[in-house]
Amino acid sequence: FMAKELNLSRTTTGILLSAFSWSYSFLQMPAGWLVDRFGVRRAYALGYGLWSALTAVTGAATNLFGLICFRVLTGIGQAVAFPASARAVANWFHDRERGSVTAKDLTGVRLGQALINWLGAFFLASYGWKLFFLLTGIVPLVWLLPWMGFLRKWESAPAAAANRSSGASFLGGVALLRRRTVFGIFLGFFAFDYVWFLFVYWLPSYLRQ
């Protein structure tokens, strides 16, 4: 719908679709450091508010440059999501529970993406992409304040202080890639995400065209 309205070629559309990933992928590790430094509640709330607001204003973009800028900035905000989720699981669940909790979290993410792709197709056909961005940015903000209040009782000051004093650093995170298990997870997610985003970004328009 956007490509048709803005008269974008498939090559230009590909650049626009990838713009989110430019910032999102490279800021995963710095975002993880922020979560450890300031805690899940504050770091996640900041990222969530940022990406929701930027998603909402994306509908106001009138040209390709504006769309790319908004998508890059949205990726900056959303980079905190997975590191914060991983830290929450590590903080509040026992070792024997973490695998199941992480699996449920990732399953929810994928099912949510599939659901919005399905419902979004009907919405886009009826109301257009500008209103779609506006609503998907504003409506989720209703969840943010109650969630912060709920999380306040779980994230105590001593726990946040322990995270800050753990000695973890960005370079230390990079050094973890020397471990075969970590490197294997890295390669697995690289392969999985390549296929996943190929389906998310390109399959709908491919089937339609």
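**Salt bridge exercises**

**Exercise 1.** Work out whether Asp95 is buried or exposed, then describe its partner.

*Solution.* In this predicted model, Asp95 has a relative accessibility of 62%. The cut-off for exposed is over 50%, so Asp95 counts as exposed. Next, look for its partner: Arg98 forms a salt bridge with Asp95, with the closest N and O atoms 2.9 Å apart. Both residues sit in helix H7 (residues 95–127), 3 residues apart, or about one turn of the helix. Arg98 is partly exposed, at 29% relative accessibility.

**Exercise 2.** Find which parts of the chain the salt bridge between Asp36 and Arg87 ties together.

*Solution.* Start with the contact itself: the two side chains meet at 2.8 Å, N to O. Now place each residue: Asp36 belongs to helix H3 (residues 28–38) and Arg87 to helix H6 (residues 81–92), so the bridge ties together parts 51 residues apart in sequence. Finally, check the surroundings: Asp36 is buried at 18%, while Arg87 is partly exposed at 22%.

**Exercise 3.** Trace the salt bridge between Arg110 and Asp193.

*Solution.* Their side chains meet at 3.9 Å, N to O. Arg110 is in helix H7 and Asp193 in helix H12 (residues 180–208), so this pair links distant parts of the chain, 83 residues apart. Arg110 is buried at 17%, and Asp193 is partly exposed at 25%.

**Exercise 4.** How many helices and strands does the protein chain have?

*Solution.* Count the elements along the chain: there are 12 helices and 0 strands. The radius of gyration is 19 Å, close to the 17 Å from the globule rule for 209 residues, so the chain is as compact as a globular protein of that length.

Terms used. Residues numbered from 1 in each chain as written. Predicted model: local features only at pLDDT ≥ 70, side-chain atom pairs only at ≥ 80, totals over all residues. Heavy atoms only, no water. Rg over C-alpha atoms; globule rule 2.2 N^0.38 Å. Salt bridge = Lys/Arg side-chain N within 4 Å of Asp/Glu carboxyl O. Helix = DSSP H or I, 4+ residues; strand = E, 2+ residues; numbered from the N terminus. Buried < 20%, exposed > 50% of the residue type's maximum accessible area, 1.4 Å probe, protein only.
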